[in-house]
Amino acid sequence: MNSRQFQQHQRTRRQAILSGISLAALPWLGQQSKATAGFSHRFADNPFTLGVASGDPSSDGVVLWTRLAPDPLNGGGLPPENFPVRWELAEDDAFRSIVQSGTELATAALGHSVHVEVRGLQPDSWYWFRFHAGDAVSRTGRTRTMPAADALPERLKLCFASCQHYETGLFTAYEHMAAENPDLVLHLGDYIYEYEGKDNRVRKHSGPEITTLEHYRNRYAQYRMDPQLQTMHALCPWLVVWDDHEFDNNCAGAISEEKGVSSADFLLRRANAYQAYYENMPLRKPAIPAGPDMLLYRTLDYGRLARIEMLDTRQYRSDQPNGDGLKPLTGAALDPTTTMLGEQQERWLLQELSTSKSLWNVLGQQVMMGRVDRVPGADRKFSMDQWSGYDVARTRLLAALAERKIANPIVLTGDIHSNWVNDLLTDFDRPNDPAVATEFVCTSISSGGNGVQRAAGHALLMSENPFVKFQNSERGYVSCEVTPKEWLSRYQVVEYVDRPGAPLVTRSAWAVEAGRAGAKQA
Ligand code: FE
Ligand code: CA
C-alpha cells in the first residue's frame, strides 16, 4: 500500500471510529464490532485487570482511561462486541459528591479501551474517578485539572521518566514517585519494549517479538499489570509520548532498522503499534491513529507558569545519517534537508513557542539534544540517532529559541538510560558562550538493569563535553519543582532493580534561575 492509499485510510478510519459506524469493512481492524452487550452483562473474571489512568489535562477537563481485559495476556478475553462502561467523577474519594457521570462504549475495534474526555470541570482541582462494567467496579483513580489559562500558579510539581524494560528490572522507582505526589507525570517514551521474551532475566516478556495488533495489546497488558506502574497511573494525570520501542528499535519514519523489510510491511506493523498505543494511553481523539499515522505532538499549559510541548521525534524524522551508530559529524549528518520533527511539526512548535505567555517553555521529547562526543581523545563521534545526527535541525531550533527570546526554555529528554544535565548552546564548539536552554535527561526506570553512578569513561566524557554538568548511570526518574523564580530538578535514583525494596536516593539536584539559561548545582 502506498502512502496516498494510507492517507485515504486515515480519513475513513478516523471518521468511522468517531461516528461509531460499522468498522467491519475497514481492513486495518483485526476485530469487528458486532453487537453491544447489555448493562447487565456479568463478567466471569474481573475486566479491570489493567487499572485506570488519566491524561492530557486542560484547565477544564481531562481524559479518563481504562481497558476491559479479563484475560489480559491473551488478547483481552472478550468477544468481538462492544461493552457499555459507566464512569463517575467525584470531588472526593468516597464518591459522595459526584460531579459528572456517563456511559462510554468499550469497542472491540479499539481493544475494549475506554477514553472519556471530561469537560466543564473547575480549574486547578483534584478529582476522583472510577468505572463500572456489568457488576464489576474498577479501582479508584485520582486526577486533576490544570490552572486557568491566565493564572500564575506558585508551583508545579512534575516527574518525568522513560524506558521501562520489563525484563531487566522492577518498577520500584514508580513507588517512590507515587510518594512524591506530583501534579503531573511526563513519560518520554520506551513505555514498552518490543523484544521477545528471554530467559534468565528479572522477569520475562510473554510471547515473541511483537508485530501484530494482538501482540502489541498483550505487551501493554503485561506492563500495565505491574502494580507499581498501575498505582502511579491512578494518582495523577500523565502526558505520554513514544520513543522507538513502542514500535521498533531505532525506527525512523517508514524505515526499518532491519534490512530487507519492505516499507509497506513496516507501515502495517506501525499501524498495529500505533493503534495499541492509542488504546492503552489516556489520549484525546486527535490522537486516534489513521493507519500508520498518529498525531501525538501537542501542547499543555499549566496556567502561565509552564507551557509544555510534547514532541514526536520518531514519526517524521529522516533516516539516521551515516548508517546510524556513533559517527563523526560529516556528510549526511550536516545535510540541511534532514529533519528530526518534520516540517509541519517544526512549524507548529515555533508557533506554539512564539505565542506562549508562559514563564517556562518546556519541550518533552525523546533523544538527547546536547552534542555529546562519545569517544575519548581527539577523535569525535556522536550518536546519529540523537539530535547530533540532525545537526542543522538542532541548530535551527536552538537559534530560534535565542532569536525569538523564548522565555526560559527547558528540554526534557529520555531514551539513553542515563541521567544528564546539559547546557544547550547554539554552537557547541564555543563552550563559553551563554547557554540558550537547559536540558535535563532522565535515566531509565528499569532498562539496562542495576546501574552504576559512574560508568567507565565518565571522567573523560565530562572533560570532553564541558557543557555537560552532570552525568550518572543509575536507574530512576527526575522530580521537578517549578516556581516563577526557579526550576529545580532532583535526580532520584534507586541503587538496584533486580529485587524489590530499593530505597530512594537523591543523587544530585540542579537549578535553573528564571531569566538565565544553564544549570547550577542546588
Ligand atoms: Fe530505552
Ligand atoms: Ca573525543
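Author: By donors I mean N, O and S atoms within 2.8 Å of the metal, or 3.2 Å for Na, K and Ca; water is not among the atoms, so sites may look incomplete. Please keep in mind that this is a predicted model, in which local features need pLDDT of at least 70 and side-chain atom pairs count only at pLDDT 80 or more, while totals for chains, interfaces and linings use all residues. Residues are numbered from 1 along each chain as its sequence is written, chains are lettered from A and ligands numbered from 1 in the order in which they are written, and side-chain values use heavy atoms, with hydrogens and water left out.

Reader: Thanks! What spacing do the donors of the iron ion (ligand 1) follow along the chain?

Author: Let us begin with the atoms: Cys163 (SG), Asp190 (OD), Tyr193 (OH) and His417 (NE2) coordinate the iron ion (ligand 1) at 2.0 to 2.5 Å. Along the chain, these donors follow the spacing C-x26-D-x2-Y-x223-H.

Reader: How many residues apart are Asp190 and His417?

Author: Helices (H or I, at least four residues) and strands (E, at least two) are DSSP runs, numbered from the N terminus. Asp190 sits in the loop between β10 (184-187) and α3 (213-224), and His417 in the loop between β17 (409-413) and β18. This pair links distant parts of the chain, and the separation is 227 residues.

Reader: What angles make the arrangement around the iron ion (ligand 1) irregular?

Author: Four donors count as tetrahedral if all angles lie between 85 and 135 degrees; four count as square planar and six as octahedral if opposite donors are over 155 degrees apart and all others between 65 and 115; anything else is irregular. The iron ion (ligand 1) has four donor atoms, and its arrangement is irregular because they subtend angles of 86 to 169 degrees.

Reader: Is Asp190 buried or exposed?

Author: The cut-offs are under 20% relative accessible area for buried, over 50% for exposed and in between for partly exposed (1.4 Å probe, protein chains only). His417 is partly exposed at 24%. Asp190 has a relative accessibility of 1%, so it counts as buried.

Reader: Which residue gives the calcium ion (ligand 2) an OE donor?

Author: Asp373 is listed with OD twice, while Val375, Gly377 and Asp379 each give an O. These protein donors lie 2.2 to 3.2 Å from the ion, and the OE comes from Glu464.

Reader: How many residues apart in sequence are the parts that Gly377 and Glu464 tie together?

Author: Gly377 belongs to the loop between β15 (360-364) and β16 (382-383), whereas Glu464 is in helix α8 (residues 458-464). Gly377 is partly exposed at 40%, and Glu464 is partly exposed at 23%. The pair ties together parts whose separation in sequence is 87 residues.

Reader: Which residue of β20 is the bridge partner of Trp420?

Author: Two strands pair if DSSP finds at least two bridges between them. Strand β18 (residues 419-424) runs antiparallel to β20, with four bridges joining them. Four of the five residues of β20 (residues 468-472) are buried, so this strand is largely enclosed by the rest of the structure. The bridge partner of Trp420 there is Gln471.

Reader: Which residue stands opposite Glu309 of β13?

Author: In strand β13 (residues 306-310), five of five residues are buried, with Ala306, Ile308 and Met310 on one side and Arg307 and Glu309 on the other. Five bridges join β13 to β15 in parallel, and five pair it with strand β12 (residues 298-302) in the antiparallel sense. β12 and β13 form a hairpin with three residues between them. Opposite Glu309 stands Thr299.

Reader: Which helix gives the largest share of the largest nonpolar core?

Author: A nonpolar core is a set of buried Ala, Val, Leu, Ile, Met, Phe, Trp, Tyr and Cys residues joined through side-chain atoms within 4.5 Å. The largest one has 72 residues, and Leu158, Phe160 and Trp487 are among those with the most contacts inside it. Its largest share is six residues, from helix α5.

Reader: Lovely. What is the centre-to-centre distance of Tyr220 and Tyr277?

Author: Rings of Phe, Tyr and Trp (its six-membered ring) pair if their centres lie within 6.5 Å; planes under 30 degrees apart count as stacked, over 60 as edge-to-face and the rest as tilted. The structure holds 21 aromatic pairs. Tyr220 and Tyr277 form an edge-to-face pair, with 65 degrees between the planes and a centre-to-centre distance of 6.4 Å.
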